Structure formats: C-alpha cells, structure tokens
Amino acid sequence: MWNTFRTDAEGGMVAGVSTITGGGGDPIHAYIARPDGPGPYPGVVLVHHAPGWDEFNREFARRFGEHGFIAICPNLYERYGHGTPDDVTARVRGDGGVADDSVVADAEAAMAWVKSQPTSNGNVGIIGTCSGGRHSVLVASRVQGFGAVADLWGGGVAASPDQLTPKRPVAPIDLTPSLNAPLIGLFGNDDQSPSPAQVDQHEEALRQNGKTYMFHRYDGAGHGSFYYHAPSYRQQQAIDGWDKVEAFFDQYLG
C-alpha cells in the first residue's frame with residue numbers, strides 16, 4: 001500500500017523501454033518497470049489510454065514496479081510510427097483508432113513476456129484507464145491466462161449497436177459470459193463515459209453471469225480521477241482507488 005515501505009529496506013527497481021515480440025510477431029516497444037530483486041513477483045500489463053503511450057503510463061508502470069510488480073506497458077500504437085505521444089495519437093485518431101484485435105494480440109504477447117521472466121511468479125493482471133479500461137475487460141474476456149483485471153472508468157464497455165465500428169465490433173459487456181478473471185472497477189459518479197447507468201448495466205451483467213467482481217464508485221469524481229496532470233485529478237479518490245487496486249491484485253496475483 002501507499003507509503004508502507006520500511007525506511008531501512010534496500011533495493012529498488014529497473015525501468016526503461018525495451019523491444020518485445022508483440023501481436024502477429026511484430027517487434028513493438030514496451031515500457032517495463034520491475035523490482036531489482038530475485039522475486040518471485042506478480043506481473044501486470046498496463047493498457048494505455050486513447051491519448052497514447054504517454055508519460056502518465058510510464059509513471060503508472062514505475063509505481064507498480066516500486067510496489068513489487070513486474071509491470072509492462074506495450075506501445076499499442078507501434079504500427080503508426082513514432083514521434084511525440086501527441087503526434088502519434090493524432091495519426092491513430094485520424095485512422096479511426098486502433099483495432100480491438102491488435103490490442104488483444106499485443107496485450108496477450110505482453111502477458112507472455114512477463115510470464116517468461118525468471119523473476120515472475122506466473123500470475124499476471126491487466127489494468128487500463130479510460131479506453132484502456134474497456135480494452136482490459138475485452139482482453140480478459142478473450143484471452144486465457146490473466147489472474148485479475150482492473151477497469152478504471154472504462155468508457156464503452158456497455159455500448160449500443162450504433163456505437164460499434166469495424167475496429168470496435170463488439171461491446172465488451174456482451175462478452176461477460178467469457179470473462180475469465182476477477183474484476184475490479186473504479187468509477188466516478190460524475191462521469192458520463194461510463195455513466196452511472198452504464199456502470200449499473202455492467203454490474204448487472206456480471207451478477208447475472210456469476211462473475212467475481214468489486215466495483216467502487218466515487219462521489220465528487222468524474223472521468224480520470226488518477227490523472228494528476230489534468231483538472232480531473234481527485235487526490236483523495238486517487239489514493240483510495242490505488243490502494244483498492246493494489247489490494248485486489250495482491251489477493252489474486254500475489
């Protein structure tokens with residue numbers, strides 16, 4: 001949990017960009033942060049949000065690394081070339097977004113990379129914010145092998161038919177029967193994507209299908225309460241939410 005380390009503890013983490021084999025055998029970049037001890041450690045795949053493979057996600061990975069996880073955040077926009085996060089994201093948006101199939105393949109490849117590490121304990125979770133939350137639910141419904149999933153205000157989990165596209169052909173809520181990992185969700189009651197009603201809809205689908213889940217809804221928070229670099233940041237909700245996610249991952253991955 002936050003600020004519970006001992007002041008006499010030694011050790012740290014190793015963090016940086018590496019190249020891994022992504023979906024379809026493509027080489028892709030990934031930001032990796034991991035403890036520098038012998039382990040074994042649980043792992044987590046971080047699915048970046050629509051604004052791209054950006055600095056927030058690198059810090060998010062480092063926080064997991066500091067807290068005892070092998071964290072990997074693959075660049076889901078690798079096939080669109082390189083530049084600043086804003087430049088690359090503009091190209092992706094101009095192309096209608098990244099395809100679900102591509103995200104699923106890269107996330108599965110990232111999971112396999114973590115499990116192949118000698119310091120891995122063999123358990124890997126997946127987490128994402130915003131569109132990454134939607135993608136995390138999607139991946140955990142299509143891919144076997146994840147031990148836990150965290151959806152942080154993922155818009156589009158529940159979607160009407162007119163909101164589907166060739167690149168996003170299914171609403172993840174429709175795959176709930178196939179969800180194969182315990183799910184934690186964090187949501188703001190002032191959010192509209194997902195709205196409280198959509199969160200209710202998702203929760204009902206999970207309940208009807210007998211899934212293991214835990215939802216937390218925060219008053220006074222909208223979309224993006226963890227984003228310390230944006231006006232949406234809510235310090236109290238962010239710290240509480242982080243602790244809940246870490247406790248959930250410790251329970252199912254540790």
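How much space lies in the second largest cavity? I looked this up first in the predicted model, and the second largest cavity holds about 40 Å³.

**Entry: cavities**

I searched the whole structure for cavities of 30 Å³ or more, and the search returned 2. I then took each cavity in turn.

For the second largest cavity, I listed the lining as Trp153, Leu186, Phe187, Gly188, Tyr218, Gly222, Ser225 and Phe226. I asked which element gives the most to this lining. Strand E7, residues 183-188, does so, with 3 residues. I also sorted the lining of the second largest cavity by class and noted 5 nonpolar residues, 3 polar residues and no charged ones.

I turned next to the largest cavity, where the space comes to about 50 Å³. I recorded its lining residues as Asp151, Gly154, Val157, Ala158, Phe187, Pro194, Gln198, Val199 and His202. Helix H5, residues 196-208, supplies the largest share of that lining, namely 3 residues. By class I noted 5 nonpolar, 3 polar and 1 charged for the largest cavity. I marked Phe187 in my notes, since this residue appears in the lining of the largest cavity and also in that of the second largest.

**Entry: cis peptide bonds**

Where does Pro194, a lining residue of the largest cavity, sit along the chain? I located Pro194 in the loop between E7 and H5. I checked the peptide bond from Ser193 to Pro194 and found it cis, with omega near 15°.

I noted a cis peptide bond between Gly39 and Pro40 as well, with omega of about 5°. Pro40 belongs to the loop that runs between strand E2 (27-35) and strand E3 (41-47).

**Entry: backbone at Asn3**

I looked up the phi angle of Asn3, which is positive at about 65° although the residue is not a glycine. Asn3 is placed in the segment before strand E1 (13-21).

**Entry: helix H1 against helix H6**

I examined the packing of helix H1 (residues 55-66) with helix H6 (residues 235-253) and noted an angle of about 55°, with the axes 12 Å apart. H1 is therefore oblique to H6. I recorded the crossing of H1 and H6 as right-handed.

Which residues make this contact? From H1 I listed Phe60, Arg63 and Phe64, and from H6 I listed Ile239, Trp242, Val245 and Phe249. Sorted by class, the contact of H1 with H6 has 6 nonpolar residues, no polar residues and 1 charged residue.

**Entry: helix H3 against helix H4**

I repeated the procedure for helix H3 (residues 100-115) and helix H4 (residues 131-142). The axes of H3 and H4 come within 10 Å and cross at roughly 70°. Because angles of 65 to 115 degrees count as roughly perpendicular, I entered H3 as roughly perpendicular to H4. I noted that H3 passes H4 in a right-handed crossing.

On the H3 side I listed Asp100, Asp101, Val103, Val104 and Ala107 as the contact residues. On the H4 side the contact is made by Arg134, His135, Leu138, Val139 and Arg142. I sorted the contact of H3 with H4 by class and obtained 5 nonpolar, 1 polar and 4 charged residues.

Definitions and conventions. Residues are numbered from 1 along each chain as its sequence is written. This is a predicted model: local features need pLDDT of at least 70, side-chain atom pairs count only at pLDDT 80 or more; totals for chains, interfaces and linings use all residues. Side-chain values use heavy atoms; hydrogens and water are left out. On a 1 Å grid over the protein atoms alone, a cavity is a set of points where a 1.4 Å probe fits but cannot get out, and a pocket is an open set with protein on both sides within 12 Å along at least five of seven lines; lining residues have an atom within 4 Å of a point. Grid points are joined across faces, edges and corners, and a volume is the space filled by probe spheres set on the points. Helices (H or I, at least four residues) and strands (E, at least two) are DSSP runs, numbered from the N terminus. Ala, Val, Leu, Ile, Met, Phe, Trp, Tyr, Cys and Pro count as nonpolar, Asp, Glu, Lys and Arg as charged, and the others, Gly among them, as polar. Axes are lines fitted to C-alpha atoms, for helices over the stretch in contact, and angles run from 0 to 180 degrees between N-to-C directions. Angles under 35 degrees count as roughly parallel, over 145 as roughly antiparallel, 65 to 115 as roughly perpendicular and the rest as oblique. A crossing is left-handed if the near helix is turned anticlockwise from the far one by less than a right angle, and right-handed if clockwise. Contact means heavy atoms within 4.5 Å.
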